[in-house]
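Me: Can you go through this one with me? I want to talk about the ligand site and then the cysteines.

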Amino acid sequence: SLVVTLDAGRITDVSGNPEHPYTQGVICGKVHDYAERVYSPLRVLRPLRRVGEKGRGRFEPISWDEAIEEIARRFTEIKARWGAEAILPFSYGGTLGVVQFRAGHPFFHALGASQLDRTICISTAYAGWRATVGMVGGNDSEQMVGADLVILWGINAAYTHINLMTFVKRARGRGAYVVAIDPYRTRTAKQADEHLMVRPGTDTALALGLMHVLIAEGLVDREYIERATLGFDKLAEHVKAYPPERVSDITGIPVERIVGLARRYGSTRASYIRVGIGLSRHDNGGMTCRTLACLPALTGAYAHPAGGALLSTSGSFPLNVAAIERPDLMPKPAPRVINMIHLGRALTDPGLQPPVKALYVYNSNPASVCPNQELVLKGFAREDLFTVVHEQMLTDTTDYADIVLPATTSMEHLDLYRSYGHLYLQLAEPVIPPEGEARSNWEVIRLLARAMGLKDPHFEKSEETLIREALASDDQAVKGITYERLTTERWVRVNVGRPYMPFADGAPTPSGKVEFYSEWMAKQGLPALPTYVPLQEGPENTELHRRYPLQCIVPPNRFFLNSSFSQSELLRKRQKAPIVFLNPEDAATRGIRDGDPVKVWNDRGSARFVAGVTDDTRPGVAVIEGIWWHKFQPGGRGVNVLTSDRVTDLGGGPVFHSNLVEIARLDSA
Ligand SMILES: Nc1nc2c(c(=O)[nH]1)N[C@H]1C(S)=C(S)[C@@H](COP(=O)(O)OP(=O)(O)OC[C@H]3O[C@@H](n4cnc5c(=O)[nH]c(N)nc54)[C@H](O)[C@@H]3O)O[C@H]1N2
Ligand SMILES: Nc1nc2c(c(=O)[nH]1)N[C@H]1C(S)=C(S)[C@@H](COP(=O)(O)OP(=O)(O)OC[C@H]3O[C@@H](n4cnc5c(=O)[nH]c(N)nc54)[C@H](O)[C@@H]3O)O[C@H]1N2
Ligand SMILES: [Mo]
C-alpha cells in the first residue's frame, strides 16, 4: 500500500503506507522512485506506427483512431485468410491488478484466437504445492513473528519480498533462529543466522535427508501424522535411502549441518518455512515444491499458530475471475493453447498450422523475459508477422512492433489488487490522469471489440463494474467484501480467521489429508513419493557438463522488477552493470579478475557481462541477477539467450535456473 504525494498534479513522492498491516511503511527503492517511471523520457505517450526495419524501434506518431482501425483491419484479414487461431495474445505480469491483468481475455476468447498458457512464473511451483496440500496457500506470514525457527528456502526476500523481511526481523528480534537455503549468499542469506549453500536443483535431496533424520530419531508428531496425513509408513521406508552422507554428496552441504538442521527443525514446533518460487525454476522444480510442503506435516508445525509453511497466498482469494475472463465466449471446440515459454518456437515453427500471423502483446516484455531469446528475436523479426504492443515504455519488445499503443500506469487507472504474500484485498484508484494519450488495457480492449464488431454487452462494462462482479463470489473467504467497503476501508483482510492454519487438520487434496504419497503425482508420470530427480541440465549430465562446467542461476536483482525499471538511468546506475558472479576458484582457472568484461555462453547463445568475483557463490555456480533490456547490454543480447525453453516436471513452467554455461574473458574469448 502506497502513499503518493502530488504537487500541482504531479507525483513528487511515493512511500510505503505506515497504516497498512503488511506494508508497515516499507517499500523498495524502485517503487520509491516511481515518479521517475511515470515521467520517464522512454514513456510511450501516443500511438506509434513502425517506419524502419523490425528491431530498430523507429516510429511515426499516429492517432488512436488510425491505430485501432489498422489493428482491426489486419486482425480481420488474418482471421479470414488463416483462421482466428493465427492471432496470439501475449501477456503476463506488467500489472497484477485483477482487471488489467486479464483485460484481453474476453476479447481474444470471443475472437477465437489461440489461447496462451501463462506458465512463466508460478505454474510449476503451484502444481507441486497442490500435489501435497491441495491448494495454493499456507500459514499467514504475519504469524511467523511468533516462530522460534524461520527457514527462508529459495527466496531472496530482501530483494523480492521486501515486506516479508519486516516479519523475519521481528521474529529474529524475539530470538528466532533464521536459516536461508540458497545456492549463493544473497542479501537475505547475509541477514540470516545460518546459510546453507545448496547446490542448485538438489533441495529435494536435502529435504529427504532432513526427513531421514527426523524419522530415524523419532522427531515427528505421531498424533498430527495420524490425524492429518496420508502415506507416512511408505515415506518412512522410502527415506531410509537418503542418509545424511549421501545427501551431503548430492547437495554439497556438510553432514553435520544437515543433521543439525534436522534436529533443530524436529525439536521446534513453532517453525515457519517460507518457500520461494525460485527453486521451482528447475527441471525438477515441481517435485521440489511438493517435497518441501511435506516437512511441516512431519513435525505437526502446520497446526501451530506460529508455525507451518507458505509458498503463496494466491489460493486464499477466490474471486469470481471468470466474470472478467469470460471463458464462455470462446468458440467450441476451444482454440489451441500455446505455452508462453514456447513463444520463440510458436513464431518460427514451420509446421505450426495455422502459423502465428498476429501477436498482441500487453503487460509483458517477451523480447527480454522469455527463455531462448535468440529464437524469440528471430520470430519477432519476421516481416510477415503483425505485432501490436501495448506498453508504458519503449522496451526491447516495442522495438519489433508494427503498432505501439500507450498504456497507463497503476497511478493512472483503477484496479483491484490481491496478493501472493499476504491476505489483504485492496482497491487502487487513479491518483493522476493518464499521461499523454495513454489508455488502460481494458479501455483499449473495449475499443478493439467495438472496431471488430463484437456485440456482447460485456464490452460495454466499466472497470468498476468488472471489479464489482469479481467481488461477487460466493466463497466464504471474500463474502461481504464489497466495492463500498474497499473504498472506505482501503484494504480488507479475507475472511480466513486468525491464526490462519489451513492444514491444521488435513488438506483439500483428494484424500483430505496432507499427502506424503500422491496418486496425482503418479498420474503425471512422476514418483508418488518425494524423490530426488537430478537435473537434465546439471552436473549429472556429464557430456554437457564437460563442455559447460558452470551451473548458471538467473534470479532477480534488487532494483529491477523482471525487466521493468530497466528503463531508468538512475536504477541502472544503482545496479552498476549486467554482472555475472563467480567464485574466485572458477575465476582463477579462467584468468578472470573482478571487473573484467566476460562472455557467457552455451549452445543457445552468448551474452556479455562484467565479472563479479566473489566467494558469495560456490565453485561451479555462476549467478546472473536481473534482466537488463538487451538494448542496454553491451553486445545487444541479454541473460535469456542462455536460458532454455525446456519445460519443468510439472505445470509446463520454465527451467530458468537449470542452465549450464561456460565463461571466458572477452579479450581471450
Ligand atoms: N527486486 C525484485 N523483486 C521481485 C522481482 C524482481 O525481478 N526484482 N520479481 C518478482 C517476481 S515476478 C517473482 S515471481 C518473485 C520471485 O521471487 P523469489 O520467490 O524470491 O524467486 P527467485 O528470485 O526466482 O529465486 C529466489 C532465490 O532462489 C534461489 N535459487 C535458485 N535455484 C535454487 C535452488 O536450486 N535451490 C534453492 N534453495 N534456491 C535456489 C535464487 O538464488 C534466489 O536467491 O519476485 C518478485 N519480486
Ligand atoms: N532471466 C530471467 N528471466 C525471467 C525471470 C528471472 O528471474 N530471470 N523471471 C521470470 C518471471 S518470474 C516472470 S513473472 C516474468 C515476467 O515477465 P513480464 O511479465 O514480461 O514482466 P516485466 O519484465 O516486468 O514486463 C512487463 C511489461 O509490462 C508493462 N506494463 C506494466 N503495466 C502495464 C499495464 O497496465 N498495461 C500494459 N499494457 N503494460 C504494462 C511494463 O512497462 C513492462 O515493460 O519474467 C520471467 N523471466
Ligand atoms: Mo514472477
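Reply: What follows covers the ligand surroundings and then the cysteines, in a model that is predicted.

Me: Which residues come nearest to ligand 1?

Reply: Asp182, Asp203, Pro556, Phe560 and Asn562 come nearest, out of 34 residues around ligand 1.

Me: And how do the residues of that shell divide into nonpolar, polar and charged?

Reply: The shell around ligand 1 has 17 nonpolar, twelve polar and five charged residues.

Me: What lies 2.6 Å from a nitrogen atom of ligand 1?

Reply: That is a backbone N or O atom of Phe560. The protein covers 95% of the 910 Å² of accessible area that ligand 1 has on its own.

Me: What about the oxygen atoms, where do Gly278 and Arg281 come in?

Reply: Gly278 has a polar backbone atom 3.1 Å from an oxygen atom of ligand 1. For Arg281, a polar side-chain atom lies 3.3 Å from an oxygen atom of the ligand.

Me: Switching to cysteines. How many disulfides?

Reply: The count is zero, with a cut-off of 2.5 Å between the two sulfur atoms.

Me: Why is there no bond for Cys289?

Reply: Because the closest cysteine sulfur, in Cys121, is 11 Å from the sulfur of Cys289, which is too far for a bond.

Me: And Cys552, which cysteine has the closest sulfur?

Reply: Cys370, but its sulfur is 18 Å from that of Cys552, so the pair is too far apart for a bond.

Me: Is Cys289 buried or exposed? Cys552, buried or exposed?

Reply: Cys289 is buried, at 0% relative accessibility. Cys552 is buried too, with a relative accessible area of 0%.

Conventions. Residues are numbered from 1 along each chain as its sequence is written. Chains are lettered from A and ligands numbered from 1 in the order in which they are written. This is a predicted model: local features need pLDDT of at least 70, side-chain atom pairs count only at pLDDT 80 or more; totals for chains, interfaces and linings use all residues. Side-chain values use heavy atoms; hydrogens and water are left out. Buried means under 20% relative accessible area, exposed over 50%, partly exposed in between (1.4 Å probe, protein chains only). A residue is near a molecule or strand if one of its heavy atoms lies within 4 Å of it. A polar contact is a pair of N or O atoms within 3.5 Å; within protein, one must be able to donate a hydrogen and the other to accept it, and residues adjacent in sequence count only if both atoms are side-chain atoms. Accessible areas come from the Shrake-Rupley method with a 1.4 Å probe; for residues, only the protein chains shown count as cover. Ala, Val, Leu, Ile, Met, Phe, Trp, Tyr, Cys and Pro count as nonpolar, Asp, Glu, Lys and Arg as charged, and the others, Gly among them, as polar.
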